[in-house]
Amino acid sequence: MFERTSKVDYVHSNTLVSASVVQVGDTRTIEAHSYALAYQREAQFFNGKEGDLKQFPIFREHIPLPPVFFEQVEIQTHNPTRQLRVGKMDFTAISSAAVVHIGNVEAVYLESRVKHIRQLLTQEQSVGGIETGISKVFQRP
């Protein structure tokens, strides 16, 4: 791996969450995984089973990686100095297995899986009131 010195004057982010990385300098491997359930409900109702990721196939499925082919590539570069210099980087948010990387990296594997669930009240629940029909909240695909 080609080695250089990475120099950054200023990096600012309001938010850095959920398996995200800010890396300055050379890195051999970056791997980040983020799994999330996103519930949107018409009524506030919690049954205590919201956090069980195993019940959803999207979190159990194996994602096959494509084969890696190593082939000789002729490349010409011109690096007058051995320094990678960055002045200022400003981010609003870095989230869900995202990477901000300044430098060289050999391998990167990023995975973000999100299951969105929208739970709406039935016509009966809307007319009859939430209190009488809350046990009938259902999941629509």
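**Close-up views of a predicted model**

**View 1. Aromatic pairs in the predicted model.** The count comes to 2 aromatic pairs, and the model in which they are found is a predicted one. Welcome to the pair of Y35 and F59, an edge-to-face arrangement with 6.0 Å from centre to centre and 85° between the planes. This pair links distant parts of the chain, since Y35 sits in strand β3 (residues 27–41) and F59 in the loop between β3 and β4 (83–94), 24 residues apart. How exposed are the two partners? Y35 has 39% relative accessibility and therefore counts as partly exposed, whereas F59, at 14% relative accessibility, counts as buried. The other pair to look for is F56 with F59: the ring centres lie 6.4 Å apart and the planes meet at 75°, so this pair is edge-to-face. F56 is buried, and F59 is buried as well. Taken together, ring pairs link Y35, F56 and F59 into a cluster.

**View 2. A salt bridge between strands β4 and β1.** The structure holds 4 salt bridges, and this view takes up the one formed by R85 and D9, where the closest N and O atoms are 3.2 Å apart. Which strands do the two residues come from? R85 belongs to strand β4 and D9 to strand β1 (residues 5–16), so the pair ties together parts that are 76 residues apart in sequence. R85 is exposed, with a relative accessible area of 52%, while D9 counts as partly exposed at 44% relative accessibility.

**View 3. A salt bridge between strands β3 and β6.** Here the side chains of R28 and E106 meet in a salt bridge, at 2.6 Å from N to O. R28 lies in strand β3 and E106 in strand β6 (residues 105–119), so parts that are 78 residues apart in sequence are tied together by the pair. With a relative accessible area of 53%, R28 is exposed; E106, with a relative accessible area of 47%, is partly exposed.

**View 4. A buried salt bridge, and a network elsewhere.** Is the salt bridge partner R113 buried or exposed? R113 is buried, and so is its partner E111. The closest N and O atoms of R113 and E111 are 2.5 Å apart in their salt bridge. If you move over to D9 and R85 again, you will find that salt bridges with shared partners join K7, D9 and R85 into one network.

**View 5. The surroundings of S34.** S34 lies in strand β3, the strand that also holds Y35. At 4% relative accessibility, S34 counts as buried. Which residues is S34 in contact with, leaving aside its neighbours within four places in sequence? They are S18, A19, S96, A97, E111, S112 and R113. Two of these names, E111 and R113, should be familiar from the previous view, where they form a salt bridge with each other.

**View 6. A nonpolar patch on the surface.** V11, L16, V22 and V24 make a nonpolar surface patch of about 290 Å². Strands β1 and β2 (21–24) each supply at least two residues of this patch. One of the contributors, V22, lies in strand β2 and counts as partly exposed at 37% relative accessibility. Strand β1 has already appeared in this set of views as the strand of D9.

**View 7. The whole chain, for orientation.** To place the close-ups, here is the chain from end to end. How many helices and strands does the chain have? There are 2 helices and 6 strands, and from the N terminus on the elements run β-β-β-β-β-β-α-α. Of the 141 residues of the chain, 18% count as buried, among them S34 and F59. Among contacts with a separation of 6 or more, 73% are made by residues 24 or more positions apart. The accessible surface of the chain comes to about 10700 Å², and carbon and sulfur atoms account for 52% of that surface.

Terms used: Residues numbered from 1 in each chain as written. Predicted model: local features only at pLDDT ≥ 70, side-chain atom pairs only at ≥ 80, totals over all residues. Heavy atoms only, no water. Phe/Tyr/Trp six-rings, centres within 6.5 Å; stacked < 30°, edge-to-face > 60°. Helix = DSSP H or I, 4+ residues; strand = E, 2+ residues; numbered from the N terminus. Buried < 20%, exposed > 50% of the residue type's maximum accessible area, 1.4 Å probe, protein only. Patch = residues over 30% accessible without salt bridge, like charges linked within 9 Å, V, L, I, M, F, W, Y side chains within 5 Å. Areas by Shrake-Rupley, 256 points an atom, 1.4 Å probe, with all protein chains shown as cover. Contact = heavy atoms within 4.5 Å.
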